[in-house]
Amino acid sequence: MRAIQIVLGIFIAAFSFAVAYAEDKPLEVTVYRSPTCGCCGKWIDHLKQNNFNVKDNITDDMEAIKARYGVPKEMASCHTAIVDGYVVEGHVPAADIMKLLKTKPKVTGLAVPGMVTGSPGMEMGGRVDPYDIVSFDKEKHFEVFNHYPGK
């Protein structure tokens, strides 16, 4: 019986180490953006500061990217990213992406429609407009995933 407890203790310790290591490992994200959009670069910087490893793809045909990944027109913004099979459209905060990856809801992705002042990459002094992080699926079901009240 004691041997089983020891083996179980070793297994739990190894599992805990693996989980801690995985959480420290940068998350891979592929970003598609226009060559003329400065706020996209600022959003990429936000991701890098929050432990994301960013593959930056500059393209002149963002409409084709959005169509390929199923971004509804109502959810469109300036850049589109793919992380762990999910679509991230626009200025979604890194914390919401982490929540998405942790909870793994059955959605296509998250979006911040438009370009909201105060969202990551769209900082303008101390102004922060209220905005929603919206989940969406292939059937165009939209649901508020998180809300930022603004300042």
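**Entry 1: a first look at one residue**

Does Asp84 count as buried or exposed? I looked this up before anything else, and at 53% relative accessibility Asp84 counts as exposed. I note at the outset that the model is a predicted one, and I keep this in mind for every value below.

**Entry 2: the overall make-up**

I next went through the secondary structure, which comes to four helices and seven strands. Reading from the N terminus on, I find the elements in the order α-β-α-β-α-β-β-α-β-β-β. The protein has 151 residues, of which 40% count as buried. I also looked up how far along the chain the contacts reach: among contacts with a separation of 6 or more, 52% join residues 24 or more positions apart.

**Entry 3: the sheet**

I followed the seven strands across the structure and found that they form an open sheet in the order 2-1-3-4-5-6-7, with mixed pairing. At the edges are strand 2 and strand 7 (142-148), each of which pairs on one side only. Direction ignored, neighbouring strands of this sheet are turned by 20 degrees against each other on average.

I then took one pair of neighbours separately: strand 3 and strand 4 pair in the antiparallel sense over four bridges, and within this part of the sheet Thr80 stands opposite Glu89 in strand 4. Helix 4 packs on the sheet and touches strand 1, strand 2, strand 3, strand 4, strand 5 (109-111), strand 6 and strand 7, while its direction makes about 135 degrees with that of strand 7.

**Entry 4: the nonpolar cores**

Which residues have the most contacts inside the largest nonpolar core? I find that this core has 22 residues, and that Val29, Val31, Leu47, Phe52 and Ile97 are those with the most contacts inside it. The elements that give it two or more residues are strand 1 (27-33), helix 2 (38-49), strand 2, strand 3, strand 4 (86-89), helix 4 (94-103) and strand 6 (131-136). Helix 4 supplies the largest share of this core, four residues.

I chose Leu47 for a look at its surroundings and, not counting residues up to four places away in sequence, I find that Leu47 touches Val29, Val31, Phe52, Val54, Ala94 and Ile97. Apart from this core lies another one, of 10 residues, which includes Met62, Ile65, Val71 and Phe136.

**Entry 5: two loop residues**

Where is Met75 placed? I located Met75 in the loop between helix 3 and strand 3 (80-83). With a relative accessible area of 6%, Met75 falls under the 20% limit and is therefore buried. Leaving aside neighbours within four places in sequence, Met75 is in contact with Glu89, Ala111, Val112, Pro113, Val134, Phe136 and Phe142. I also checked Met75 against Lys140, and their C-alpha atoms are separated by 9.6 Å although the two residues are 65 residues apart along the chain.

Thr59 is found in another loop, the one between strand 2 (52-58) and helix 3 (62-68). A polar atom of the Thr59 side chain lies 3.1 Å from the backbone nitrogen of Asp61, and, again not counting residues up to four places away in sequence, Thr59 touches Arg33, Ser34, Pro35 and Ile65.

**Entry 6: the salt bridges**

How many salt bridges does the structure hold? I find five, and I wrote down three of them. Side chains of opposite charge can pair when their charged atoms come close.

Arg33 forms a salt bridge with Asp56, with the closest N and O atoms 2.8 Å apart. This pair links distant parts of the chain, since Arg33 lies in strand 1 and Asp56 in strand 2, 23 residues apart. I note that Arg33 is buried, with a relative accessible area of 13%, whereas Asp56 is partly exposed at 35%.

Returning to Asp84, I find that its side chain meets that of Lys104 in a salt bridge (2.8 Å, N to O). Asp84 sits in the loop between strand 3 and strand 4 and Lys104 in the loop between helix 4 and strand 5, so that the pair, 20 residues apart, links distant parts of the chain. Lys104 counts as partly exposed, at 45% relative accessibility.

The third pair I noted is Arg127 with Asp129, where the closest N and O atoms are 2.8 Å apart. Arg127 is partly exposed, with a relative accessible area of 46%, and Asp129 also counts as partly exposed, at 22%.

Technical notes:
Residues are numbered from 1 along each chain as its sequence is written. This is a predicted model: local features need pLDDT of at least 70, side-chain atom pairs count only at pLDDT 80 or more; totals for chains, interfaces and linings use all residues. Side-chain values use heavy atoms; hydrogens and water are left out. A polar contact is a pair of N or O atoms within 3.5 Å; within protein, one must be able to donate a hydrogen and the other to accept it, and residues adjacent in sequence count only if both atoms are side-chain atoms. Contact means heavy atoms within 4.5 Å. Buried means under 20% relative accessible area, exposed over 50%, partly exposed in between (1.4 Å probe, protein chains only). A nonpolar core is a set of buried Ala, Val, Leu, Ile, Met, Phe, Trp, Tyr and Cys residues joined through side-chain atoms within 4.5 Å. Two strands pair if DSSP finds at least two bridges between them. Axes are lines fitted to C-alpha atoms, for helices over the stretch in contact, and angles run from 0 to 180 degrees between N-to-C directions. A salt bridge is a side-chain nitrogen of Lys or Arg within 4 Å of a carboxyl oxygen of Asp or Glu.
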